[in-house]
Amino acid sequence: MALTTLDPITALIVVDLQRGLVGSPFMHPFGDVVARTCELISAFRQRGLPIVLVNVDGVAPGRTERPRAGGPFPDGWTDLIPELERQPDDIVVTKRTWGAFASTDLENQLRARGVTQVVIAGVATGTGVESTARQAYEAGFNVTLATDAMTDARPNAHAYSIEHVFPRLGEAGSTQAIIDLLERTNAHELA
């Protein structure tokens with residue numbers, strides 16, 4: 001689905017752009033994802049819209065067929081990358097599940113700010129980004145996905161999310177298309 005609109009109070013959710021994932025074998029260069037995400041952050045900050053910075057520090061309990069990494073993360077692993085230029089009014093969420101809503105107070109924080117729509121970027125497309133998008137959709141938020149501001153180490157998972165899952169959860173588009181829509185929305189509100 002093409003991008004059609006952004007609600008007046010739309011939040012940007014940045015998933016797992018943290019020090020421990022720098023250098024991971026993603027299919028698209030991590031630096032490109034960071035650069036596009038920073039463009040989105042700048043556009044949202046210029047308009048006074050909420051920014052959510054999410055990091056992951058653990059895993060959900062329960063048995064799985066695939067073994068999980070054991071033990072605590074190394075020092076600094078969960079630190080948000082400095083390029084995000086965290087600000088005092090940013091919402092910072094530490095999750096221990098794939099999605100940013102399930103085990104956090106993110107929904108309440110967004111609702112308290114009047115947010116009705118979210119734009120999501122980050123890593124990994126088929127886990128953290130997709131799970132956050134699913135949870136946002138299930139919570140009743142309009143969802144937009146910045147498809148060139150995300151990546152995954154698994155090309156098949158990335159493609160499947162973009163082609164088959166995201167169209168069922170909301171609208172998707174490029175960073176520039178989202179910024180253009182923000183500019184049109186802002187111009188319309190000022191008219």
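## A buried aspartate in a loop

Let's start with Asp 152, which sits in the loop between strand 5 and helix 4. Keep in mind that everything here comes from a predicted model. Is Asp 152 buried or exposed? It counts as buried, because its relative accessibility is 1%, and the cut-off for buried is under 20%.

What does Asp 152 touch, once neighbours within four places in sequence are set aside? Its contacts are Phe 26, Met 27, Ala 124, Thr 125, Gly 126, Thr 127, Ala 157 and His 158. One link can be pinned down further: the side chain of Asp 152 reaches the backbone nitrogen of Thr 125 at 3.5 Å.

## Helix 3, largely enclosed

Several of those partners lead us to helix 3. Of its 14 residues, 11 are buried, so helix 3 is largely enclosed by the rest of the structure. The buried set runs through Thr 125, Gly 126, Thr 127, Gly 128, Val 129, Glu 130, Ser 131, Thr 132 and Ala 133, and also includes Gln 135 and Ala 136. And what do these buried residues pack against? Strand 1, strand 3, strand 4 (117-123), strand 5 and helix 4.

Thr 127 is a handy residue to look at within helix 3. With a relative accessible area of 17%, Thr 127 is buried. Leaving out residues up to four places away in sequence, Thr 127 touches Trp 98, Asp 152 and Arg 154, so we are back at the loop aspartate, since Asp 152 lies between strand 5 and helix 4 and counts as buried at 1%. Just after helix 3 comes Gly 140, with a positive phi of about 95°.

## Helix 4 and its bend

On the other side of the Asp 152 loop is helix 4, covering residues 155-169. It has 15 residues, and the distance from its first C-alpha to its last is 20 Å, close to the 21 Å expected at 1.5 Å a residue. There is a bend, though: about 40° at Ser 161.

Ser 161 is also one of the buried residues of helix 4, along with Ala 157, His 158, Val 165, Phe 166 and Leu 169. An α-helix has 3.6 residues a turn, so residues three or four places apart point the same way. The buried residues of helix 4 pack against helix 3 (125-138) and strand 5 (142-151).

## Strand 2, covered on both faces

Now over to strand 2, residues 51-56, where 6 of 6 residues are buried. In a regular strand the side chains alternate between the two faces of the sheet. Here both faces are covered: Ile 51, Leu 53 and Asn 55 are buried on one side, and Val 52, Val 54 and Val 56 on the other.

Which strands pair with strand 2? Strand 1 (residues 10-15) does so in the parallel sense over 4 bridges, with Val 15 standing opposite Val 54. To get from strand 1 to strand 2, the chain passes through helix 1 (residues 30-46), and this β-α-β crossover is right-handed. Strand 3 (residues 91-95) also runs parallel to strand 2, joined by 5 bridges, and there Lys 95 is the bridge partner of Val 56.

## Helix 1 and Asp 90

Helix 1, the link in that crossover, has 17 residues that should span 24 Å at 1.5 Å a residue, and its end C-alpha atoms are indeed 24 Å apart. Its buried residues are Phe 30, Val 33, Val 34, Thr 37, Leu 40, Ile 41, Ala 43 and Phe 44. Just after helix 1, Gly 48 takes a positive phi of about 70°.

Asp 90 is in the loop between strand 2 and strand 3, and it counts as buried at 10% relative accessibility. Its side chain makes a polar contact of 2.7 Å with the side chain of Arg 45 and reaches the backbone nitrogen of Gln 87 at 2.8 Å. Beyond residues up to four places away in sequence, Asp 90 touches Arg 45, Ile 51, Leu 53 and Glu 85. Asp 90 and Leu 49 are 41 residues apart in sequence, with their C-alpha atoms 9.7 Å apart in space.

## The whole chain

Stepping back, the protein chain has 5 helices and 6 strands, in the order β-α-β-β-α-β-α-β-α-β-α. Buried residues make up 47% of its 191 residues. Among contacts between residues at least 6 apart in sequence, 81% join residues at least 24 apart.

Note on methods:
Residues numbered from 1 in each chain as written. Predicted model: local features only at pLDDT ≥ 70, side-chain atom pairs only at ≥ 80, totals over all residues. Heavy atoms only, no water. Buried < 20%, exposed > 50% of the residue type's maximum accessible area, 1.4 Å probe, protein only. Helix = DSSP H or I, 4+ residues; strand = E, 2+ residues; numbered from the N terminus. Pairing = 2+ DSSP bridges. Right-handed = clockwise from strand over helix to strand, strands pointing away. Expected span 1.5 Å × (residues − 1). Bend = angle between axes of the 7 residues up to and from the residue. Contact = heavy atoms within 4.5 Å. Polar contact = N/O pair within 3.5 Å; in protein donor to acceptor, adjacent residues only side chain to side chain.
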